Amino acid sequence: MQPFTSYAGRAVFLPRANVDTDQIIPKQFLKRIERTGFGPALFYDWRYLADGALNPDFELNQPRAAGASILITGPNFGCGSSREHAPWALADYGFRVIVAPSFADIFFGNCCQNGLLAVTLPEADVQLLGRRADAVDDYVLSVDLVRCRVSDREGFDAGFAFDAYRREMLLNGLDEIGKTLLEEPRIAAFERRRRAALAARGSA
């Protein structure tokens, strides 16, 4: 997994609360087991009309959203089922950061496991950033996980809290499997001792 230290990118505002994982990636697209290829189905029921054409009213289909890699959205983002496909779809679409007043716990954990940074800011700050994303052409946010700060070119600068364990994992580009593999020498040594003990017990 790619380490996440700091990132700057164009932001788009999705002013919706309680966006659940079935809205992020509908169930009919969950047949794949790879982590890639889900981007075209992100927010499928909102992005597309019944005939398959792009919905011109959906926020991510607006011209200002082209190339956006930071999503600003409402509270309780990622609620619903625990499907890991939701952060897969967001990342495959091109998002690196999501900024919201709150996230569903399992969704937040799944984001961390897949290198997608979920930043929690107060509701008033999120609304301010959202209004700027709607009003300013090429609106760019900068997110620094080393210092735990979010800033823009219009003078906004605020800190955010982040779980220390998950922050360390993201900074080093590790998921739980990667962190476990760092202990491979100790695990191998333990297994050698265990096999030797079992062999000695069997020969007694």
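This report describes the sheet, one helix and the nonpolar core of a predicted model.

## The sheet

An open sheet is formed by seven strands in the order 4-3-2-1-5-6-7, with mixed pairing. Its edges are strand 4 (117-120) and strand 7 (157-159), each of which pairs on one side only. On average, and with direction ignored, neighbouring strands of this sheet are turned by 25 degrees against each other.

Both senses of pairing can be followed through individual strands. Strand 1 and strand 2 run parallel and are joined by four bridges; here phenylalanine 13 stands opposite isoleucine 72 of strand 2. Strand 2 also runs parallel to strand 3, with three bridges between them, and isoleucine 72 stands opposite valine 99 of strand 3. Strand 5 and strand 6, by contrast, pair in the antiparallel sense over four bridges. Leucine 141 faces aspartate 152, a residue of strand 6.

## Strand 2 and the nonpolar core

The side chains of strand 2 point in two directions: Ile70 and Ile72 one way, Leu71 and Thr73 the other, and all of these residues are buried.

In soluble globular proteins, nonpolar side chains tend to be buried together. The largest nonpolar core of this model has 57 residues, and those touching the most other members are Phe43, Leu71, Ile72, Phe77, Leu90 and Phe107. Strand 2 thus contributes to this group through Leu71 and Ile72. Neighbours within four places in sequence aside, leucine 71 is in contact with Val12, Leu14, Phe43, Leu60, Phe77, Leu90, Phe95, Val97, Ile98 and Val99. Among these contacts, Phe43, Phe77 and Leu90 are also listed with the core residues that touch the most other members.

## Helix 5 against the sheet

Helix 5 comprises 13 residues, 123-135. From its first C-alpha to its last the helix reaches 18 Å, close to the 18 Å expected at 1.5 Å a residue. Its buried residues include Val126, Leu129, Gly130 and Ala133. Viewed down the axis of helix 5, the buried residues fall within an arc of 105 degrees, so they line one face of the helix. An α-helix has 3.6 residues a turn, so residues three or four places apart point the same way.

The face turned away from this buried side carries the exposed residues Ala124, Arg131 and Ala135. The buried residues of helix 5 pack against five strands of the model: strand 1 (6-14), strand 2 (70-73), strand 3 (97-100), strand 5 (140-144) and strand 6 (149-152).

Conventions:
Residues are numbered from 1 along each chain as its sequence is written. This is a predicted model: local features need pLDDT of at least 70, side-chain atom pairs count only at pLDDT 80 or more; totals for chains, interfaces and linings use all residues. Side-chain values use heavy atoms; hydrogens and water are left out. The expected span of a helix is 1.5 Å times one less than its number of residues. Buried means under 20% relative accessible area, exposed over 50%, partly exposed in between (1.4 Å probe, protein chains only). The arc is that of the directions from the helix axis to the C-beta atoms. Contact means heavy atoms within 4.5 Å. Two strands pair if DSSP finds at least two bridges between them. Axes are lines fitted to C-alpha atoms, for helices over the stretch in contact, and angles run from 0 to 180 degrees between N-to-C directions. A nonpolar core is a set of buried Ala, Val, Leu, Ile, Met, Phe, Trp, Tyr and Cys residues joined through side-chain atoms within 4.5 Å.
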